[in-house]
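Please look through the chain shown below before reading on. The paragraphs that follow start from a single residue and widen from there.

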Amino acid sequence: MSTTKKPPAPRRRPPKKPAPVPAPASCGTCAGSGETTTAVRVGRKRRAIDATQSALCPDCFGTGTA
């Protein structure tokens, strides 16, 4: 009774690296920060005072990307 040799196992290769993902474009309204500033208005006639408040960007909703 003769025995047959098994073929050698195939070599394992390391997985290929994924292609780099390009960075998303930054928002033009907030310049990529995600926040905008507006002047504070007070009173019935809505006069502006020299204070500002920050808020989320209405175009990108605070993500900073377009």
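Thr 36 sits in strand S1 of what is a predicted model. With a relative accessible area of 17%, Thr 36 is classed as buried, because the limit for that class is under 20%. Setting aside neighbours within four places in sequence, the contacts of Thr 36 are with Thr 29, Cys 30, Gln 53, Ser 54, Ala 55, Leu 56, Cys 57 and Pro 58. One of these residues, Ala 55, is also the bridge partner of Thr 36 in S2.

That bridge belongs to a wider pairing, in which strand S1, covering residues 35–42, is joined by 7 bridges to strand S2, covering residues 47–56, with the two strands running antiparallel. A further pair in this ladder is made by Thr 38, whose partner in S2 is Gln 53, a residue that is likewise listed among the contacts of Thr 36. As a general point, side chains in a regular strand alternate between the two faces of the sheet. Between the strands of this hairpin there are 4 residues, and Gly 43 takes a positive phi near 85°.

What secondary structure does the protein chain hold in total? The protein chain has 2 strands and 0 helices, and the hairpin of S1 and S2 therefore accounts for both of its strands, given how such runs are numbered from the N terminus.

The cysteines call for some care. Two of them, Cys 30 and Cys 57, appear among the contacts of Thr 36, and one may ask how many disulfides the structure holds. The number is 0. For Cys 30, the closest cysteine sulfur is that of Cys 60, and the distance of 3.7 Å is too far for a bond, because a disulfide would require the two sulfur atoms to be within 2.5 Å. Cys 57 is in no disulfide either, and its nearest cysteine sulfur, again that of Cys 60, is 3.7 Å away. As for accessibility, Cys 30 counts as buried at 8%, and Cys 57 counts as buried at 1%.

Two residues outside the strands deserve attention for their backbone angles. In general, most residues other than glycine have a negative phi. Ala 31, which is found in the segment before S1, has a phi near 60°, a positive value in a residue that is not glycine. Phe 61, in the segment after S2, has a positive phi of about 55°, although it is not a glycine. Are these two residues buried or exposed? Ala 31 counts as exposed at 66% relative accessibility, and Phe 61 counts as exposed at 65%.

The segment before S1 also contains Ser 26, whose C-alpha atom is separated by 5.5 Å from that of Ala 66, although their positions lie 40 residues apart along the chain. Not counting residues up to four places away in sequence, Ser 26 touches Gly 32, Gly 64, Thr 65 and Ala 66. Lys 6, found in the segment before S1 as well, presents another picture: its C-alpha atom is separated by 64 Å from that of Gly 28, which is 22 residues away along the chain. At 76% relative accessibility, Lys 6 counts as exposed.

What do the values for the whole chain add to this? A compact globule of 66 residues would have a radius of gyration near 11 Å, whereas the protein chain has 30 Å. Along its principal axes, the C-alpha trace spans about 105 × 20 × 15 Å. Buried residues make up 12% of the 66 residues in the protein chain, and Thr 36, Cys 30 and Cys 57 are classed as buried. The protein chain exposes about 6700 Å², of which carbon and sulfur atoms supply 56%. Among the contacts with a separation of 6 or more, 42% are accounted for by residues 24 or more positions apart; the C-alpha atoms of Ser 26 and Ala 66 are 40 residues apart along the chain, and these two residues touch each other.

Notes
Residues are numbered from 1 along each chain as its sequence is written. This is a predicted model: local features need pLDDT of at least 70, side-chain atom pairs count only at pLDDT 80 or more; totals for chains, interfaces and linings use all residues. Side-chain values use heavy atoms; hydrogens and water are left out. Two strands pair if DSSP finds at least two bridges between them. Buried means under 20% relative accessible area, exposed over 50%, partly exposed in between (1.4 Å probe, protein chains only). The radius of gyration is taken over C-alpha atoms; the globule rule is 2.2 Å times the number of residues to the power 0.38. Contact means heavy atoms within 4.5 Å. Accessible areas come from the Shrake-Rupley method with a 1.4 Å probe; for residues, only the protein chains shown count as cover.
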